[in-house]
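Me: Could you take a close look at a single part of this structure, the buried interior and the cysteines in it, and walk me through it carefully?

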Amino acid sequence: MRGPLVSIDTAALRQNVQVLRAAVAPAKVMTVVKANAYGHGAVACALAFEDAGVDWLGVVDLDEATALRAGGVKLPILAWLHAPGETFERAVQHDITPGISDLAQLEACVAAGVPRVHLCLDTGLSRNGAVESEWPALFDRAAELRDRITVEGVMSHLSNTSPQEDGHQMASFVTAAGMLGERGITPPLQHLAASAASVSYGASRITMVRIGLASYGLSPFADRSPGDLGLRSALTLSAPVIGIKEVAAGEGTSYGYTWRAERDTRLALLPLGYADGIERHAGNRAFALIGGELRPVVGRIAMNSMTVDIGPEPTDAGAAVHLGDEAILFGDATVGHPTAFDWAESTGTINYEVVARLSPRLPRSYR
Ligand SMILES: Cc1ncc(COP(=O)(O)O)c(C=O)c1O
């Protein structure tokens, strides 16, 4: 009997990218494979995206980027978050393009011999990126250094707060591009849209978009499903039923007895828990598909296991559950699976978190 499995449909990854590329053309597409490709497995997904013809890959830092290079990824890679004192030698060694947020990072890149950078600008998110008051000095210095380092790109990131707020950020980005232009710098790659803006606002696409979630076939919108966007969810999380136990009415399961049987029933034990990245609060809220039926996850999620109420024998729905049967926690709605969105809704989070928190220790299989 195999254990829990994160199974990735690489055909879905490729298909999603084709749909997205067509939607945003002629803008180039950077697929974002940070955080272990949102739990999908960074190297394998990066290679699938490379195969599907994306233009760039985006990651957070040089560690993630070098891991992609070690895995044989050839596409240009942008990494945009760096610790103070980063020397950027690895960027040169592994042909990684830094996204830089301040003068110190620009100087460090020049000192290391980094040939090209993207400038990260904060247009209102208040995370990384140079803020507006820093733009003149940063742009002046980039212009002075133009013989030693090329500003190939300029980037920002939207807050997705409202069309108005995003519009302000976009306007600010256009101002920054204009200021660079006045200094003779016209970066060919200008990008600020992630999944939501890429799909919603044509004007946000400029010359490139950075798409994470949608590439994996998940929707960034609460009111639009992946299917509505022409996407198919690539990831399925499954686990075998490793135990079946009868419990009498009134008996509880797992720590704190947050659930007690209202009738005599049976519990299926699944070898997945919060150490695997399952949200601890999914107990008594989420559902798993076992034997063709959606069944409630009951009691607290433990570190390495969870229990599902499969009903008395024979099961309520008449569908028997056996040891070794596969439980699907979430996957592709088009084949009737519960989804990462369903799990997010039931646990008060977002689909991003449901997939990104899946532990790297879970085996991944790619088909
Ligand atoms: C800077 C940056 N660009 C792009 C993305 C991709 O966002 P999404 O997954 O919504 O497409 C992220 C993800 O958070 C990000 O931090």
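Reply:
**The cysteines and the core**

Cys109 is buried, its relative accessible area being 0%, where buried means under 20% relative accessible area with a 1.4 Å probe and protein chains only. This is a predicted model, in which local features need pLDDT of at least 70 and side-chain atom pairs count only at pLDDT 80 or more, while totals for chains, interfaces and linings use all residues. Residues are numbered from 1 along each chain as its sequence is written, and side-chain values use heavy atoms, with hydrogens and water left out.

Cys120 is likewise buried, with a relative accessible area of 3%. A search of the whole structure finds 0 disulfides, a disulfide being a pair of cysteine sulfur atoms within 2.5 Å. For Cys109, the nearest cysteine sulfur is that of Cys120, 10 Å away.

Turning to the nonpolar interior, the largest nonpolar core has 110 residues, of which Leu57, Leu119, Leu237 and Phe330 touch the most other members; such a core is a set of buried Ala, Val, Leu, Ile, Met, Phe, Trp, Tyr and Cys residues joined through side-chain atoms within 4.5 Å. At least three of its residues come from each of domain 1 (10-217) and domain 2 (235-366), with bounds taken from an automatic or database domain assignment. Leaving aside neighbours within four places in sequence, Leu119 is in contact (heavy atoms within 4.5 Å) with Ile100, Leu138, Phe139, Val151, Gly153, Val154, Met155 and Leu180. Another core, of 5 residues, lies apart from the largest one, and Val247, Trp259, Ala261 and Val298 are among its members.

How values were computed:
Buried means under 20% relative accessible area, exposed over 50%, partly exposed in between (1.4 Å probe, protein chains only).
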